[in-house]
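Subject: Structure handover

Hi,

Here is the structure for you to take over. My notes on what turned up follow below it.

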Amino acid sequence: MGIFDDKKEVLAFADHYSSCNIWWINYPHNAIEFVLKYANLKLSEVDKIVFFEKPFLKFERLLETYVAFAPKGFVSFAKAMPIWIKEKLFQKNLLFNKLKQHDQNYKSDQNIFFSDHHLSHAASAFFPSPFDEAVVLTADGVGELSLIHI
């Protein structure tokens, strides 16, 4: 969770830092509350909210992986698909409903956007840096369709 002003990071905070769990995968309620309070903002005053990955691209990658390893991955596929079909493919709606808990005046999902997973990593390295320009290399164990980006 971060707040930016004219493309410069003002503050960033992640729930996994406060929980001491680097594998934190839950909704970052505490991080959002902290950042909004720090910036003295209501969620309805925020111009853009960007989620760290594109759900449909990730879903496509998952399907391609399951097909490539069929039938060995069927058990994993059978466990993952109900969650994807029920929730993750509709991430925008899920996020909107969670975000409304922070501000009863937050009434539209039109400011929720999705970023490429690796671009999110690159942004988290670049924006707090002292540089105006940089080449950023990201290498990750997962992503939407590829693992390494420049």
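Start with helix α3, residues 55–68. This is a predicted model, so the ruler check comes first. With 14 residues at 1.5 Å a residue, α3 should span 20 Å, and its end C-alpha atoms are indeed 20 Å apart. The expected and computed spans agree.

Which residues of α3 are buried? They are Pro-55, Lys-58, Phe-59, Arg-61, Leu-62 and Tyr-66. These residues sit on the same side of α3, because they cover an arc of only 160 degrees around the axis. The face turned away from that buried side carries the exposed residues Phe-56, Val-67 and Ala-68. Cover for the buried residues of α3 includes α4 (74–86), α5 and β4.

Just past α3, look at the backbone. Pro-71 is in the loop between α3 and α4. The peptide bond from Ala-70 to Pro-71 is cis, with omega near 0 degrees. Asn-40 is another one to look at. Its phi is near 55 degrees, a positive value in a residue other than glycine. Most residues other than glycine have a negative phi, and most peptide bonds are trans. Asn-40 lies in the loop between α2 and β3. It counts as exposed, because its relative accessibility is 69% and the cut-off for exposed is over 50%.

**Overall layout**

The chain has six helices and six strands. In sequence order the pattern reads β-β-α-α-β-α-α-α-β-α-β-β. Of its 150 residues, 29% count as buried. The accessible surface comes to about 10800 Å², and carbon and sulfur atoms make up 61% of that. Take the contacts in the chain with a separation of 6 or more: 55% of them are between residues 24 or more positions apart.

**Cores**

Nonpolar side chains tend to be buried together in soluble globular proteins. Here the largest nonpolar core has twelve residues. They are Tyr-27, Ile-32, Leu-36, Leu-43, Val-46, Ile-49, Phe-51, Leu-95, Phe-96, Leu-99, Tyr-106 and Ile-112. At least two residues each come from α2 (29–39), β3 (49–51) and α5 (91–99). The largest share, three residues, is from α5. Another core lies apart from this one. It has seven residues, including Tyr-66, Met-81, Trp-84 and Leu-89.

**Around α5**

Leu-95 is a good place to zoom in. Leaving aside neighbours within four places in sequence, Leu-95 is in contact with Phe-51, Ile-112 and Phe-114. Now take Gln-91, which also lies in helix α5. Is Gln-91 buried or exposed? It counts as buried, because its relative accessibility is 12% and the cut-off is under 20%. Its contacts are Phe-51, Pro-55 and Phe-114, again not counting residues up to four places away in sequence. Pro-55 is also one of the buried residues of α3.

Gln-101 is in the loop between α5 and β4 (112–114). It is exposed, with a relative accessible area of 54%. How far apart in space are Gln-101 and Leu-43, C-alpha to C-alpha? The distance is 9.7 Å, for a pair 58 residues apart in sequence. Leu-43 itself belongs to the twelve-residue core.

**Around α6**

Helix α6 covers residues 117–126. Its buried residues are His-117, His-118, Ser-120 and Ala-122. They pack against β3, β5 (138–139) and β6 (148–149).

His-118 is the residue to pick out here. Its relative accessible area is 3%, so His-118 is buried. Which side chain does His-118 join through a polar contact? The partner is Thr-138, at 3.4 Å. His-118 also has a distant partner in sequence: Leu-147 is 29 residues away along the chain and 8.0 Å away in space, C-alpha to C-alpha.

**Where to look, in order**

- α3, for its buried side and the exposed face turned away from it.
- The cis bond from Ala-70 to Pro-71.
- Asn-40, for its positive phi.
- Gln-91, for its contacts with Phe-51, Pro-55 and Phe-114.
- His-118, for its polar contact with Thr-138.

Over to you.

Best wishes

Definitions and conventions. Residues are numbered from 1 along each chain as its sequence is written. This is a predicted model: local features need pLDDT of at least 70, side-chain atom pairs count only at pLDDT 80 or more; totals for chains, interfaces and linings use all residues. Side-chain values use heavy atoms; hydrogens and water are left out. A nonpolar core is a set of buried Ala, Val, Leu, Ile, Met, Phe, Trp, Tyr and Cys residues joined through side-chain atoms within 4.5 Å. Buried means under 20% relative accessible area, exposed over 50%, partly exposed in between (1.4 Å probe, protein chains only). Helices (H or I, at least four residues) and strands (E, at least two) are DSSP runs, numbered from the N terminus. Contact means heavy atoms within 4.5 Å. Accessible areas come from the Shrake-Rupley method with a 1.4 Å probe; for residues, only the protein chains shown count as cover. The expected span of a helix is 1.5 Å times one less than its number of residues. The arc is that of the directions from the helix axis to the C-beta atoms. A polar contact is a pair of N or O atoms within 3.5 Å; within protein, one must be able to donate a hydrogen and the other to accept it, and residues adjacent in sequence count only if both atoms are side-chain atoms.
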